[in-house]
Amino acid sequence: MSKKENVNNQTVKGITLFSVLLTLVSSFSFSLSTSIKNINAWEVVTYDKALYVDLSLSLEQGETTEGFAFQYENHDKEVVKVPLAYIDNGIFQTSEEIPLFNGSSQNRFGIYQEDSEIPVMDFWFSDWSLLLKDNYNYVCLDLDSSNEEAVGFGYYGNKLKDNFDATAATQRVWLRNENQAFYGIDPWGTPYQNVVYYECDENDYGYTIMAKTTNTFDNRNYYYVDIPKEVRNISFLRMSSGESHNFIIDSEAPIVMAAYGLCYEANPMIDKDWDEINTVNVSDADAYLLGKVVETYLTYGKEASNGADSTTISNLFNTWFKNKSASSEDLKNVKILDYGGDAYVNGEYNPDVPKSGTYSVNEKWNAICSNAGIDPKTGEKRSFNIDFSFFGNKTFLSFLVIFLFGLLGIGSWLFMFLRRRRLRAKES
């Protein structure tokens, strides 16, 4: 074989190898930028769940709690009665799980009581859809009311708790709720309260009462809650504060994808539903309020929810700092606790290490802005800060992978070609 023919064969082999690699990489890259769509035919699904029924609004003091039954229509429209077992405080539990149907099937639920085989109470209601949700298993009824609807739904046995301070494992969510109708009195004479519900997974969820702080410049109240840093799906709840009936969720305002560094606001109009939630830019924030905002962010944190992330810190500026009332001196005089060096090991914060350092709000704000590449006075990215966000684009990643593998293929072929040429040159 001539030297020219040998070179041509090597070229063909190299091109063939590159084509195979390109095909494999293209298939791999395409999988990065597409997702499998599962399209299921519509079908009726049954959810079986034990329900808790609150009849405290209907029971007189000392009245018997025997003989009550929970009744429902099954899928064949047959009425089924399930005995109710008394727990306490006027609350009963179904003695077996109740089937809940999604789809087009209509559930009708009711309460039935027998005395000498004569029904003394036969109450039906159809407002049941919330019970399909995982975080609902409780319904409160007023059998003496002419309105055959539930007083409220909720979750019996919820982990309702007070808010704890922020750690390296949490993020802080803010709400301004000035709708005075929200704070009305529940049927047991106790006021409603701001609560946040979140769910990390099936076994990690929480109902947390929002803490309150006041901006002294204008006397406006702000509510905040510290939840796990990875949570994005939350719900603002209007819940009863009654000790025996704080299971009631009177209203729910879900936030499907919570944004970081912002402040949410409930519709302040009394005649509007409070669960109309928007975001708001805060005016006239004083140094103490700004301290409550920045104390939850980690100076060297990597997470967008609680770290020195450029987008998050820019949101903090526009929401809280841009129209602040606090002066530079105010920010220097107000102190906050923060993590010391002993909590930052191997590039991560240890949330179990207590905060040991004291810093001014001004120092904290400048530090997180510096690490995020944000100008603390304008909220803009510093000119020398390079934005690498485009590396997260799937299309860009696909072309990058193809390009790199292509270079690898060409480089490998070129190396082999030149090596053979050197060997042949030595032989000749």
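This text goes through a predicted model of a protein chain, from its overall make-up to its cores, hairpins and some single residues.

The protein chain has 428 residues, of which 43% are buried. Its secondary structure comes to six helices and 24 strands. Among the contacts with a sequence separation of 6 or more, 66% join residues that are 24 or more positions apart. The chain exposes about 23700 Å², and carbon and sulfur atoms supply 51% of that area.

The largest nonpolar core holds 34 residues, and the members that touch the most other members are L55, F70, F109, I111, L141 and Y207. Strands that each give at least two residues to this core are β3 (68–73), β4 (79–88), β6 (98–101), β7 (109–115), β8 (118–125), β13 (192–201), β14 (204–209) and β17 (234–240). Another core, of 28 residues, lies apart from the largest one, and its members include C263, L289, L290 and L331.

Y207 can be followed from the largest core to its neighbours. Leaving out residues up to four places away in sequence, Y207 touches N135, Y155, N158, K159, L160, K161, V195, V196, Y197, L237, M239 and I249.

Two of the strands that supply the largest core, β3 and β4, also pair with each other. Their pairing is antiparallel and runs over five bridges, and Y72 stands opposite V80 in β4. The hairpin they form has five residues between the strands, and K77 takes a positive phi near 65 degrees there. Strand β4 is in turn joined to β5 (residues 91–94) by four bridges, again in the antiparallel sense. In that pairing, A85 stands opposite Q93 in β5. Two residues lie between the strands of the β4 and β5 hairpin, where N89 has a positive phi near 55 degrees.

A further hairpin is built from β15 and β16. Strand β15 (residues 211–215) and strand β16 (residues 220–228) run antiparallel and are joined by five bridges. K212 has Y223 as its bridge partner in β16. Four residues separate the two strands in this hairpin, and N219 takes a positive phi near 65 degrees.

T213 also belongs to β15. Is T213 buried or exposed? T213 is buried, because its relative accessible area is 6%, below the 20% limit for that class. Not counting residues up to four places away in sequence, T213 touches W174, R220, N221, Y222, Y224, Y288, L289 and K292. One of these contacts, L289, is also a member of the core of 28 residues.

L289 is also one of the buried residues of helix α2. This helix spans residues 287–294 and is mostly covered, with seven of its eight residues buried. The buried ones are A287, L289, L290, G291, K292, V293 and V294. At the N-terminal end of α2, D286 acts as a cap, with a side-chain oxygen 3.3 Å from the backbone nitrogen of Y288.

V294 of this helix is also a contact of I368, a residue of helix α5 (residues 361–372). I368 counts as buried because its relative accessible area is 0%. Beyond four places in sequence, I368 touches V294, Y297, L298, T299, A308, I313 and L316. One of these, T299, is 69 residues away in sequence, yet the C-alpha atoms of I368 and T299 are 4.8 Å apart in space.

D273 gives a contrast in accessibility. Where does D273 lie? D273 sits in the loop between β19 (263–266) and β20 (277–279). D273 is exposed because its relative accessibility is 58%, above the 50% limit for that class. Not counting residues up to four places away in sequence, D273 touches N179 and N267. The C-alpha atoms of D273 and N179 are 8.8 Å apart, while 94 residues separate the two in sequence.

The cysteines come last. C263, one of the members of the core of 28 residues, is buried, with a relative accessible area of 0%. C140 also counts as buried, at 0% relative accessibility. How many disulfides does the count give? The count comes to zero disulfides, where a disulfide would need a pair of cysteine sulfur atoms within 2.5 Å.

Conventions
Residues are numbered from 1 along each chain as its sequence is written. This is a predicted model: local features need pLDDT of at least 70, side-chain atom pairs count only at pLDDT 80 or more; totals for chains, interfaces and linings use all residues. Side-chain values use heavy atoms; hydrogens and water are left out. A nonpolar core is a set of buried Ala, Val, Leu, Ile, Met, Phe, Trp, Tyr and Cys residues joined through side-chain atoms within 4.5 Å. Buried means under 20% relative accessible area, exposed over 50%, partly exposed in between (1.4 Å probe, protein chains only). Contact means heavy atoms within 4.5 Å. A polar contact is a pair of N or O atoms within 3.5 Å; within protein, one must be able to donate a hydrogen and the other to accept it, and residues adjacent in sequence count only if both atoms are side-chain atoms. Two strands pair if DSSP finds at least two bridges between them. Accessible areas come from the Shrake-Rupley method with a 1.4 Å probe; for residues, only the protein chains shown count as cover.
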